[in-house]
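Got your viewer open? Let's take a walk through this model, one selection at a time.

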Amino acid sequence: MERADLLLLAAAIAYVLALLHLIASLWGRGARFGTWRLALPLAVGFGAHTIWLVRAAIRFGHIPMISTQEVFALLAWAILVYYLLLQRARRRADVLGVFVLPIVVLFVLVALVSTGFTLLPHELEDVLRMPALPLHIGFMMLAYAGFLLAFLAALMYLLQERELKRKRFGLIYRYFPSLSTCETIGYRSLLLGFLMLTLGIGTGVILLHRSDPVFWRGDPIIVLALVTWLFYLIVVHYRLAAGWRGRRAALLLIVGFLATAATFVSARLFGHIL
Amino acid sequence: MTIVLVGLNHRTAPIEVRERLAFTEEELPDALRRLVDGVAIAEGLILSTCNRVEILAATGVPTRSSDRAERAAIERIRAFLRDQRQVPPNVYEAALYHYVDREAVRHLFRVTAGLDSLVLGEPQIFGQVKDAYARALAAGTVGKTLHLLVPRAFSVAKRVRTETAIGEEAVSVSSVAVELARKIFDDLQGRTVLLVGAGKMAELTVRHLLASGVRHLLICNRTRERAEQLATQFGAEALSLEVLPTSLARADILICSAGGTEPIVRREHVAAAMLARRNRPLFLIDISVPRTVEPSVGQLANVFLYDIDDLEQIAHAHMERRRHEAARAEMIVDQAVEAFMKSLRSLEIGPVIAAFRRRLEEIAYGELERHRRYLGTLTPEQERALRHLLESIINKFAHPAIARLHQAARDDARRPEELSVVELWTDILETQERSSSRE
């Protein structure tokens, strides 16, 4: 680990502290979430994380989203941005952190152990200089993070709904936000994610077209991305037009996220930089 | 300074007795001033709610036997009740309880935290004690002791509220309904409630919902007149039973409390309503017996159906949890009582220590004056040196003694029949004074 990575390590530790506080308040007496004990580590961690990203960008002269390390650090950061935005927007949504923070911590840890900047294949160097690339990757990251949040909110919705239908109440009933809050978080994340995905695919198409006009046709990753986009389009459309909400919407968000995750993983596997 | 508490509550006296002893707000200032006579009682507070009438009092300066002081104070409170209330004492005397010192403190802490309430852990009592304290302050019947004691009761109650889950969940059928509505809709502002039928429980639930921010209320009844009558009462919109199926789509929360053996709300009604509602969730509360909402309605997606049994079971389970939490609350109270008794003893020992020092000074300077004639004329320097010498001797002797006295008072763990450290030293100093004045 390089010295610069200490910032990332500090961020990970701060996130773990925030997570521990959340768990402790769930476990213990009369859970009280919105305290400085949560806000402080989150602020510190987010600050360190941001500084690390900025430093990486300066050091390598490009937006830090190429190497595995950078991608995971950036992804974790994007997830956290959503969480912080949504958490402030709705009261009692803090508990979302119990799901979000482990993922954030995991991604930061992956970033910490994975290699930093590696030399890129020569043919990519041109691509790297294109202004559309950082835009493309940034949009995709934000899209993934949005869909992840939507997925988590949908999961919480389903769990809370199950308790309410079964009429047997436990920790979930007590501490999870209301169905309406879960749904709102899910829907907002979905809309943001969808917007980002649209922009990401748009810039991606421009990018590929410029770098190699023929190369991209029939590329499975691009097909997968388009399928994902179409899927979310349908979800958004039917929600607005036909009132697909509640349980069904939650299930769709879960399916959609799994598809997105598949796109992401296969993109990395096939060596795409996205 | 002895603390006594005399009173009766919902456990010891029926409502007929409690209401006859209760004090109205207007009566309180005058009653408080009458209670505190400056002889048996130096400070007082009256807590009068629909579930209890309690008088908390503190006696004045410690005397040789606080045993007598507490008896005098209790007698004084009884006499006060006899004078103030035109109620034959035999009606309520048997219901009166009285607590002294540690037990009085514990009782006050438990009451304020809602541990002595009819509905365990209910929060209203906290505000009522606060009001009672504010009135006593305004009437000028709060002194050092109550000023130390009552705010402590507030912080204990707050600790209980934050560190246990005693007040977290609803324990009555109507408040459980509101809690469930919040778990579905979050904010009830702007939601529409449809009440079918009438009844005490239904009306109570409606009131609860209105208090939680529901703005729009529809009322549907078999008889149009009854619906309209209720509608005017609540400022709602009256509907006739025929339009109920089509009106379902307008409601977010439906409370069904109709009579009759036939279900009024059928599965197909709700299914159609859900389509029209575009699957926005619908919360159905069926508190009628026999049930008037078809049970299979609960299987529909985004529909949540609860009947009276469900609500009662939830309330019951929550109550169980409260009892469990109450045990933890009692531990917090126990700790707080011990801590308070220590600070009370420190407060009490203050005047004793002052008297102790004064006594030493009196003796020292008395002796100086007595022997002055043998000293001849002293220069101002000599005079100053002499006084300095006496002060030093007093300080060197008094300092460790005072420190020990402080500690002994704080850790005082006497048995009831023994004198407290404060009483003992008050006694010693008084005896000392008497014997020296006799000389």
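Start by selecting chain A and colouring it from the N terminus on: its elements run α-α-α-α-α-α-α-α-α-α. That is ten helices and zero strands. Keep in mind as you click around that you are looking at a predicted model.

Stay with chain A for a moment. It has 274 residues, and buried ones make up 41% of them. Now think about who touches whom. Take the contacts in chain A with a separation of 6 or more: 81% of them are between residues 24 or more positions apart.

Next, zoom in on helix H2 of chain A, residues 36-60, and pick out Ala57(A), which is found there. Is Ala57(A) buried or exposed, or something in between? Buried would take 20 or more C-beta neighbours within 10 Å, and exposed would take 12 or fewer. Ala57(A) has 15 inside that distance, so it counts as partly exposed. While Ala57(A) is selected, add Leu258(A) and draw a line from C-alpha to C-alpha: the two are 30 Å apart in space and 201 residues apart in sequence.

Time to bring in the neighbour. Show chain B and look at where it meets chain A: 17 residues from chain A and 20 residues from chain B take part in the contact. Which elements of chain B should you highlight on that side? Those giving two or more residues are helix H7 (144-163), helix H8 (173-185), strand E10 (303-307) and helix H13 (308-371). H8(B) gives the most, with four residues. Colour this side of chain B by class and you get eight nonpolar, eight charged and four polar residues.

For the last stop, hide everything except H7(B) and H13(B). Their axes lie 10 Å apart, and the helices pack at an angle of about 160 degrees. Angles over 145 degrees count as roughly antiparallel, so that is the label for H7(B) and H13(B). Rotate the view and you can follow H7(B) as it passes H13(B) in a right-handed crossing.

Now show the side chains where these two helices touch. On H7(B), the residues to select include Leu148(B), Leu149(B), Val156(B) and Val160(B). On H13(B), try Ile332(B), Val333(B), Phe340(B) and Leu344(B), among others. What classes of residue make up this contact? Between H7(B) and H13(B) there are eleven nonpolar, four charged and one polar. Among the residues of this contact, Arg152(B) and Arg159(B) are on H7(B), and Ser343(B) is on H13(B).

Terms used:
Residues numbered from 1 in each chain as written. Chains lettered and ligands numbered in written order. Predicted model: local features only at pLDDT ≥ 70, side-chain atom pairs only at ≥ 80, totals over all residues. Contact = placed C-beta atoms within 7 Å. Nonpolar A, V, L, I, M, F, W, Y, C, P; charged D, E, K, R; others polar. Axes fitted to C-alpha atoms, helices over the stretch in contact; angles between N-to-C directions. Parallel < 35°, antiparallel > 145°, perpendicular 65-115°, else oblique. Left-handed = near helix turned anticlockwise from the far one by under 90°.
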